[in-house]
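Visitor: I'm new to this one. Can you walk me through it?
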Amino acid sequence: MYSFDPTEEQQMLIDAVKKYAVNDLRTAAHDAEESRELPKKLVSKGWELGLLQASTPEAYGGFGERSAVTGVLAVEEMAFGDLAGMLAVMTPSLFATPILLAGTEEQKQEYLPKVIEGDWAPYTAALIEYSFDFDPISLKTRATASGDHFILNGEKAFVPFARDAEVILVYADLDGKTEGFIIPKGTHGVTISDEREKLMSLNALPMYRVKLDSVKIPAANRLGGASGIDFEPVLASMRVAAASAAVGVANAAFEYSKNYAKERDVFGVKVAQKQAIAFMLAEMRTEIEASRLLNWEAAWKLDQHYDDAATEAYLAYTGAADMVMMVTDRAVQILGGHGYIREHPVEMWMRNGRGFATFTGLAIV
């Protein structure tokens, strides 16, 4: 049986992340969403917390060992502050963590120290495709072998920081399996959209379309080398990250609407004293706790290499995606007319919540 108590090191990390989330991310979130720009100093400060570094062994420039449980704890706290800010801070993990999980020793030695040891830099990954039937294990982007090279064709959507990325880890279908391919900046045949993605939420996070037209890369740039990768644990790590972010956003909306209901008077009675509102808040809290515990279990099983870890991760993710939409919608309702205006953050959290059904691939632990 596993413990629900964080270790001393985990608690120290959680406390540091929560302080940053509340004091820095939360206070900057509204202006960042409106201006469509995250301050560079804000992202750099989050990077200096060392989440990725603490998940990377010393041999590759870090100072710890990867733990999915620690990762989901940190992601939840950071998303509690602001989802766009959290995704920006952790974008380099999209590139580094799959290499740590599935790369060859040569790939780890070549790429991980570059990411880990320096300042925040836009290393990123491209998984999501712009199609209504997008399935990460049945991609439309194709890779074909050609001698000692691979040729990639397709289009990717929602790629964070793609225009400035030093390297992009692109996922593509190779003979019916999802594989990763490391594509350096400036590779011929890679076209990145001039305009950023225009979405209902995450306006502060710069995301772009990436087109691949007969992109030729050496076989050495295939993630995992000649044998490729087992994509399942990588995808599961993406799903528990998304689920923990959903819990963080939902918890932010719950806390804000609860406090509003306790303070707001309507006809001489606190909103929270209305039975319908009290029941809504109770259900919101119940669903948040259920999602959190399910995701903790999935992350723990990933760390322990359980056979059903990927299934647990999928359940945690799909459950959290439904939960965050319900909770953020209720938060808007509890604030009444105030919930619909941008002076209160619940409308932004609701827009964020709606997107979690498509956010697989924007975070990884």
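Guide: Here is a short tour of one helix and a few single residues. The model is predicted, so local features need pLDDT of at least 70, side-chain atom pairs count only at pLDDT 80 or more, and totals for chains, interfaces and linings use all residues. Residues are numbered from 1 along each chain as its sequence is written, and side-chain values use heavy atoms, leaving out hydrogens and water.

Visitor: How many residues does helix H1 have?
Guide: H1 spans residues 8-35, with 28 residues. Helices are DSSP runs of H or I, at least four residues, numbered from the N terminus.

Visitor: Where does H1 bend?
Guide: At Ala29, by about 45°. That is the angle between axes fitted to the seven residues ending there and the seven starting there.

Visitor: What follows H1?
Guide: Arg36, in the loop between H1 and H2. Its phi is positive, about 60°, although Arg36 is not a glycine. Most residues other than glycine have a negative phi.

Visitor: Is Arg36 buried or partly exposed?
Guide: Partly exposed, with a relative accessible area of 28%. Buried means under 20%, exposed over 50%, partly exposed in between (1.4 Å probe, protein chains only).

Visitor: And Leu202, buried or exposed?
Guide: Leu202 is buried, at 3%. Its phi is also positive, near 55°.

Visitor: New topic. Where is Gln107?
Guide: In helix H7, residues 105-116. Gln107 is buried, with a relative accessible area of 4%.

Visitor: What does the side chain of Gln107 reach?
Guide: The backbone oxygen of Arg222, at 2.7 Å.

Key. Helix = DSSP H or I, 4+ residues; strand = E, 2+ residues; numbered from the N terminus. Expected span 1.5 Å × (residues − 1). Polar contact = N/O pair within 3.5 Å; in protein donor to acceptor, adjacent residues only side chain to side chain.
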